[in-house]
Amino acid sequence: MDLQAFNQIVLPVQGRLFRLAKLFLRNREEAEDTLQEVLLRLWTKRQQLDSYHSVEALAVQMTRNLCLDKLKSQANRTTNGTTDLTTVQADDVSPYRQTELADSSALLRRIIGDLPDPQKLILHLRDVEEYSFEEIEQVTGLTVNNIRVILSRARQRVRDSYLKTNDYEAGY
């Protein structure tokens with residue numbers, strides 16, 4: 001694979017890879033470092049990339065594995081930075097509503113961050129990156145039925161935790 005083919009195939013997915021790394025690592029700088037490392041590894045393996053069915057799936061898998069390795073090697077991480085789960089225009093929303101949205105966003109980040117890694121990965125790939133089930137199957141190696149079950153459980157767990165935390169169920 002030459003430079004032009006690499007630029008056309010690999011570089012367009014770097015935004016997805018960065019968001020995935022940031023989801024796992026919860027740190028912008030660490031996610032950027034991970035992305036650079038994945039791109040470097042892909043570049044050094046560029047001659048073998050033509051033999052892979054999906055280079056994007058390979059890149060996602062490499063990113064996931066590298067993030068998990070970093071998390072294992074650094075058990076105590078500090079969380080900083082924010083993700084853009086909600087983008088609110090200050091002109092359109094009251095300060096009370098802005099605070100409420102920020103709190104909800106932080107709560108969702110925490111709940112999703114507490115999910116087991118397979119649930120977190122599949123939820124991110126499906127609902128954030130909008131991968132198809134077949135693409136997720138290529139990345140994870142799981143069957144479509146397993147992916148659907150894991151996704152359903154992840155969504156249910158997020159929903160239950162969110163409702164429990166906000167005490168919405170207590171009134172019913």
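These legends walk through several close-up views of a predicted model.

**Figure 1. The whole chain is built from helices.**
Start with the overall picture before zooming in. The chain holds eight helices and zero strands, and its elements run α-α-α-α-α-α-α-α from the N terminus on. Of the 172 residues in the chain, 35% are buried. Take the contacts between residues at least 6 apart in sequence: 66% of them join residues at least 24 apart.

**Figure 2. Helix H2 spans residues 14-25 and has many neighbours to look for.**
How far apart should the ends of H2 be? At 1.5 Å a residue, its 12 residues should span 16 Å, and the end C-alpha atoms are indeed 16 Å apart, so the two values agree. Next, look for the buried residues of this helix: Leu-17, Phe-18, Leu-20, Ala-21, Lys-22, Leu-23, Phe-24 and Leu-25. What covers them? Their cover includes helix H3 (28-44), helix H4 (55-73), helix H5 (95-113) and H6.

**Figure 3. Arg-26 follows helix H2.**
Arg-26 sits in the loop between H2 and H3. Its phi is positive, about 60°, although Arg-26 is not a glycine. Is this residue buried, exposed or partly exposed? Its relative accessibility is 28%, which lies between the 20% limit for buried and the 50% limit for exposed, so Arg-26 counts as partly exposed.

**Figure 4. Lys-70 is a buried lysine in helix H4.**
Find Lys-70 in helix H4. With a relative accessible area of 14%, Lys-70 falls under the 20% cut-off and therefore counts as buried. Which side chain makes a polar contact with that of Lys-70? The partner is Thr-34, and the contact is 3.0 Å. Setting aside neighbours within four places in sequence, Lys-70 also touches Leu-25, Glu-30, Asp-33 and Glu-37, along with Thr-34 itself.

**Figure 5. Leu-71 of helix H4 and Phe-24 are set side by side for a distance check.**
Leu-71 also lies in helix H4. Leu-71 has a relative accessibility of 24% and counts as partly exposed. Now compare two ways of describing separation. Along the chain, Leu-71 and Phe-24 are 47 residues apart, while their C-alpha atoms are separated by 8.1 Å. Phe-24 is one of the buried residues of H2.

**Figure 6. Lys-120 is a buried lysine in helix H6.**
Lys-120 has a relative accessible area of 5%, which is under 20%, so this residue counts as buried. Where does its side chain reach? The side chain of Lys-120 comes to the backbone oxygen of Gly-113, at 3.4 Å. Apart from neighbours within four places in sequence, the residues in contact with Lys-120 are Leu-23, Phe-24, Ile-112, Gly-113 and Leu-115. Leu-23 and Phe-24 are among the buried residues of H2.

**Figure 7. Helix H6 packs its buried residues against several other helices.**
Here is another length check. The 12 residues of H6 should span 16 Å at 1.5 Å a residue, and the end C-alpha atoms are 15 Å apart, which agrees. The buried residues in H6 are Gln-119, Lys-120, Leu-121, Ile-122, Leu-123, His-124 and Leu-125. They pack against H2, H4, H5, H7 and helix H8 (144-166).

**Figure 8. Glu-130 follows helix H6.**
This view shows the loop between H6 and H7, where Glu-130 is found. Is Glu-130 buried or exposed? With a relative accessible area of 63%, which is over 50%, Glu-130 is exposed. Its phi is near 60°, a positive value in a residue other than glycine.

**Figure 9. Helices H6 and H7 cross.**
Two packed helices are described by the angle between their axes and the distance between the axes. In this view, the axes of helix H6 (residues 117-128) and helix H7 (residues 133-140) come within 10 Å and cross at roughly 145°. The crossing is right-handed. Which residues meet there? From H6 come Leu-121, Ile-122, Leu-125 and Arg-126, and from H7 come Phe-133, Ile-136, Val-139 and Thr-140. By class, this contact has six nonpolar residues, one polar and one charged.

How values were computed: Residues numbered from 1 in each chain as written. Predicted model: local features only at pLDDT ≥ 70, side-chain atom pairs only at ≥ 80, totals over all residues. Heavy atoms only, no water. Axes fitted to C-alpha atoms, helices over the stretch in contact; angles between N-to-C directions. Helix = DSSP H or I, 4+ residues; strand = E, 2+ residues; numbered from the N terminus. Left-handed = near helix turned anticlockwise from the far one by under 90°. Contact = heavy atoms within 4.5 Å. Nonpolar A, V, L, I, M, F, W, Y, C, P; charged D, E, K, R; others polar. Expected span 1.5 Å × (residues − 1). Buried < 20%, exposed > 50% of the residue type's maximum accessible area, 1.4 Å probe, protein only. Polar contact = N/O pair within 3.5 Å; in protein donor to acceptor, adjacent residues only side chain to side chain.
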